[in-house]
Amino acid sequence: MTRRETFNRIPDLYDRARPGYPEALFDDLAGLIGLGPGCRVLEIGCGTGQATIPMAERGCHVTAIELGPDTAAFATRKLARFADVQVVNAAFESWPLPDEPFDVVLAATAFHWIDPAIRVVRAADALRPGGALVTLSNHHVQGDDGGFSIAVQDCYLRWVPGTKPGFRLPRPEDVRDDGEEIVGAGRFEAPIFLRHRWDRTHDSRGFVELLATFSDVLALDEEARSGLLGCISALIDGRFAGHVLKTNVAHARVARRLP
């Protein structure tokens, strides 16, 4: 099983634990590229539909591609209230593109799982001229967590092989705007970048459930995974009064397809 397929084991946990994206980010995207009634969107790797809902609520017609069959089934049930959303269980790389192009191709924390040799060009092929490729990501950054992000490294050093001592989270301003891949393909204008900083407070259970949805944690053997999550839970309850603050930067890269 490849790491991008591991999420199919845990659609319920993924949907419960993952934070999604701030609503203000979709408001900005709506103003920038016209996410609104009648907009035709192709979503790559929709997961359980966390980024699909904000688009559907704005009146978009969404074709949501999801590789994992169990995750696709979960998303189909969750999104059933939206008549203009279709979930397709397929790999984006091999899914036959329809004759009518899309206005937007969106990948929310999914673009990095697609083969880099073809992902930009295939996204361009799916778009009309002037249509937008949007990639979203969440970055865990330094914030006012009372030193938790430093203290938790002891758990990783103990349970995760290959952990390097001295790891520190990046500062919010260190999240990179990287457009080289997009521009280098020769199919898009130079991208525009949007970012929103946001904070979420987690209790120990919520925090370890979130970690349990990350591919690197899912890839651990059962003993290491249980040891790591147990260590972190005990740390939060024992030294941080049962709660920790997690600061994220939600980052969007938006590029228009050339004629």
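Me: Why does Arg 58 count as buried?

Reply: Its relative accessibility is 16%. Buried means under 20% relative accessible area, exposed over 50%, and partly exposed in between (1.4 Å probe, protein chains only). Arg 58 falls under the 20% limit and therefore counts as buried. The model is a predicted one, in which local features need pLDDT of at least 70 and side-chain atom pairs count only at pLDDT 80 or more, while totals for chains, interfaces and linings use all residues. Residues are numbered from 1 along each chain as its sequence is written, and side-chain values use heavy atoms, with hydrogens and water left out.

Me: What makes the pair of Glu 23 and Arg 58 a salt bridge?

Reply: The term requires a side-chain nitrogen of Lys or Arg within 4 Å of a carboxyl oxygen of Asp or Glu. Here the N to O distance is 3.0 Å, so the criterion is met. Glu 23 belongs to helix α2 (residues 23-33) and Arg 58 to the loop between α3 and β2, so the bridge ties together parts that are 35 residues apart in sequence. Helices (H or I, at least four residues) and strands (E, at least two) are DSSP runs, numbered from the N terminus.

Me: Why is Glu 23 called partly exposed?

Reply: Its relative accessible area is 39%. That value lies between the two limits already given, so Glu 23 is partly exposed.

Me: How do you know that Arg 16 and Glu 209 form a salt bridge?

Reply: Their closest N and O atoms are 3.1 Å apart, so they satisfy the stated limit. The pair links distant parts of the chain, with Arg 16 in helix α1 (residues 11-17) and Glu 209 in helix α9 (residues 204-211), 193 residues apart. A search of the whole structure finds 13 salt bridges.

Me: Are Arg 16 and Glu 209 buried or exposed?

Reply: Arg 16 has a relative accessibility of 52%, so it counts as exposed. Glu 209 is at 16% and therefore counts as buried.

Me: What makes Arg 40 and Glu 100 a salt bridge?

Reply: The N to O distance between their side chains is 3.8 Å, which is within the limit. Arg 40 lies in strand β1 and Glu 100 in the loop between β3 (85-89) and β4, so parts 60 residues apart in sequence are tied together. Elsewhere, salt bridges that share partners join Arg 16, Arg 205 and Glu 209 into one network.

Me: Why is strand β1 described as largely enclosed?

Reply: Five of the five residues of β1 (residues 40-44) are buried, so the rest of the structure largely encloses this strand. In a regular strand the side chains alternate between the two faces of the sheet. In β1, both faces are covered: Arg 40, Leu 42 and Ile 44 are buried on one side, and Val 41 and Glu 43 on the other.

Me: How do you know that β1 and β2 pair?

Reply: Two strands pair if DSSP finds at least two bridges between them. β1 and β2 (residues 61-66) have five bridges, in the parallel sense, so the condition is fulfilled. Arg 40 stands opposite His 61 in β2. The chain crosses from β1 through helix α3 (residues 52-57) to β2 in a right-handed β-α-β crossover; with the strands pointing away from the viewer, the path from the first strand over the helix to the second runs clockwise.

Me: What makes β1 and β4 a pair?

Reply: Four parallel bridges join β1 to β4 (residues 102-108), so the requirement for pairing is again met. Val 41 stands opposite Val 104 in β4.

Me: Why is Thr 135 called buried?

Reply: Thr 135 has a relative accessible area of 9%, and it is therefore buried. It is placed in strand β5 (residues 127-141). Not counting residues up to four places away in sequence, Thr 135 touches Ala 107, Phe 111, His 251, Ala 252 and Arg 253, where contact means heavy atoms within 4.5 Å.

Me: How do you know that Leu 220 is buried?

Reply: The relative accessible area of Leu 220 is 14%, so the residue is buried. Leu 220 is found in the loop between α10 (215-218) and α11 (222-239). Leaving aside neighbours within four places in sequence, Leu 220 is in contact with Val 160, Pro 161, Arg 225 and Leu 228.
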